[in-house]
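Me: Could you take a close look at one part of this model for me? I would like to understand how two packed helices meet, and how the charged side chains there pair up.

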Amino acid sequence: MTLNRRKFLGTAAATAAALSAPMVRAQGKPRVVVIGGGAGGATCARYLAKDGKGAIDVTLVEPTRKYYTCFFSNLYLGGFRDFESIGHTYGKLAADYGINVVHDWAVGIDRDARTVTLAGGYTLPYDKLVLSPGIDFIEGSVPGWDISAQNEMPHAYKAGSQTQLLKAQVEAMPEGGTFCLVAPPNPFRCPPGPYERVSMVAHVLKAGNPTAKILVLDPKPKFSKMALFQEGWANHYDGMIEWIGPDFGGDKVEVRPDTMEVVVDGEVTKVDVCNVIPAQRAGKIAAIAGITNDKGWAPVEAFGMQSKMDENIHVLGDSSQQGDMPKSGFSANSQAKVAAMAIRGALLGSKVFPAKYSNTCWSLIDTDDGIKVGASYEATEEKIAKVDGFISKTGESADLRKATYEESVGWYAGITADMFG
Amino acid sequence: MYRISLFVAAACFVQAAAARDLGDEKRGAEIFARKCASCHQIGAGAVNRVGPLLNGIFDRKAGQVEGFRYSKDMLRQGADGLVWNFENLDVYLENPKALISRTRMNFRGLKDPRDRADVIAYLRRFSANPQDIPEAAPTAFPQEVELDPEILAIEGDPEYGEYLASECLTCHQRSGDDEGIPAITGWPAEDFVIAMHAYKEKKRPHPVMQMMAGRLSNEEIAALAAYFETLEE
């Protein structure tokens, strides 16, 4: 049952040899195109190729040649990881798993003809399509901000150059300056993400700019791991962080990138760095495919992440609307394996086992102070439904918090190996 | 001449033993039973489990027990000439990852020097030099949970196990590398089953694992155990 790399390559070589020369490209094999090479797409492509044992032609479409994970990008901001440690390439997926990796943007989907059009002009036919495009921002959700202002006011919510820019801005803040984070409304990618980010920025400022202030403007009355973050902020960064919820105008925010001002319920404040995380919807290609709802997400059924609007399309991760799971890399990775199994079942007739989903989100508050929240889920007719869960407790021992952080480092190594081979 | 050299040898031995402050092996046996025995066996009849058997560890090169799958780092240390003795066992037991950074021994270490000395004294009993391995009954190998023999006898379906395992592999690396989350690749099936039931019954404390194990049936646990036991690196 197990398949190690040598055996896999052996199988692939035997399959290739069996084809008559000149070699025909995967003729007759079912074709799966995966759009998006993150936690959902890369994992799904890898499991389809690995478990399909050469019987499925898998193409992965991802524009970036080097993928920087959003998870742990906050740790880079805090100085706990170097930038290169969160960057990953697709070489192993191509070389060890035989996946056709195409670095291009998918710009069109013809659901009747079952083809994907790429920005470079090529057309890819598919039998099954997997969409895992992550998020895009809703224009106008933060008045005054649009994508042309992302240099003055970075979002840093798709990791990469934006993350580097935000880090540079934090490090260049004037003494006693103000860092402002505009938090997004639900639902959004990585629910604890903005608050871990605040913690990491506070960690940097405490060391190099201890009189600086952090202002969090939040349209939500409560947020993920709220009690744990607030306890941690009081313990490590007393007096530095001010969180303004909707009761005090956190939901009535306008930004002025030209003058570096934020307007909260009519009151103007000058800031030095402004991290604007706008409201979100599914990555645009999902809307182009015509499988999103009026909220901008792609509804899926719970047994195999199949689009409710097209049985030949599966949607994974942040862009899907599936029920109770949070939008996280862990969730996307978990969903990808269920979808890969369902797709193999449909294309090859392999056994389909009951769907099982799980998620854990670790966050770092300060050095060796890690916390986590997680849950397990099952498929129901209505949605992916939560079964059981846990969360770190306030007042835990330093040893336990350190162990939780170390565990998150182990998880990062594990999930990236599971995604990229 | 003969008599003198014997005397010298004896004197050296006494001196060395005194300098090393040999621990209390009886107390070491108790610590071993509590802290080590869930993964390691020692004594007559000992076999490899999650960890290698520990008979004859003194003066043995690291990573040499036949049939045990070591981490790459442990094998490298052995190739580089690490031979187990009092000093390096003391360092290793204090914090395994400090000596061998990607060791699969997922153990936080014995921080009290006396505890380490006692365990090392106990381990020494089972090394050929200076004493032979005693013919005594094997150390009682304690089980964490009382399992119905029928549960242990369930034959796992490795194909189902492979699918279920995909959930484990988000955190536990398939390669068996341990960078903060323990390796489970290649675990003996019985140890795997016992560990999962210990989580399921909340006798082991980890909340993620309690949750994951809590929703697995006996057959599913057996399937996972069958898969991970045969998984090659």
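Reply: Happy to help; what follows looks at one helix pair in chain B and then at some salt bridges elsewhere. Please keep in mind that this is a predicted model.

Let's start with the geometry. Two packed helices are described by the angle between their axes and the distance between the axes. Here the pair is helix α4 (residues 86–94) of chain B and helix α6 (residues 113–125) of chain B, whose axes come within 10 Å and cross at roughly 125 degrees. Angles of 65 to 115 degrees would count as roughly perpendicular and those over 145 as roughly antiparallel, so α4(B) and α6(B) are oblique to each other. The crossing in which α4(B) passes α6(B) is right-handed.

Which residues make the contact? From α4(B) come Phe86(B), Leu89(B), Asp90(B), Leu93(B) and Glu94(B), while α6(B) supplies Arg116(B), Val119(B), Ile120(B) and Arg124(B). Sorted by character, the residues of this contact are five nonpolar and four charged, with no polar ones.

Now for the charges. Side chains of opposite charge can pair when their charged atoms come close. Within this contact, Arg116(B) and Glu94(B) form a salt bridge, with 3.9 Å between the closest N and O atoms. That pair links distant parts of the chain, since Arg116(B) sits in helix α6 of chain B and Glu94(B) in helix α4 of chain B, 22 residues apart. Are the two partners buried or exposed? Arg116(B) counts as buried at 5% relative accessibility, whereas Glu94(B), at 35%, counts as partly exposed.

Two salt bridges in chain A make a useful comparison. Lys167(A) and Glu171(A) meet through their side chains at 3.2 Å, N to O. Both residues belong to helix α5 of chain A and are four residues apart, about one turn of the helix. Lys167(A) has 15% relative accessibility and counts as buried.

The other bridge joins Asp127(A) to Arg31(A), with the closest N and O atoms 4.0 Å apart. This one also links distant parts of the chain: Asp127(A) is in the loop between β8 (123–125) and β9 (128–131) of chain A, and Arg31(A) is in strand β1 (residues 31–35) of chain A, 96 residues away. Asp127(A) is partly exposed, with a relative accessible area of 21%, and Arg31(A) is partly exposed too, at 28%.

For the wider setting, the count of salt bridges over all chains comes to 38.

Note on methods
Residues numbered from 1 in each chain as written. Chains lettered and ligands numbered in written order. Predicted model: local features only at pLDDT ≥ 70, side-chain atom pairs only at ≥ 80, totals over all residues. Heavy atoms only, no water. Axes fitted to C-alpha atoms, helices over the stretch in contact; angles between N-to-C directions. Helix = DSSP H or I, 4+ residues; strand = E, 2+ residues; numbered from the N terminus. Parallel < 35°, antiparallel > 145°, perpendicular 65-115°, else oblique. Left-handed = near helix turned anticlockwise from the far one by under 90°. Contact = heavy atoms within 4.5 Å. Nonpolar A, V, L, I, M, F, W, Y, C, P; charged D, E, K, R; others polar. Buried < 20%, exposed > 50% of the residue type's maximum accessible area, 1.4 Å probe, protein only.
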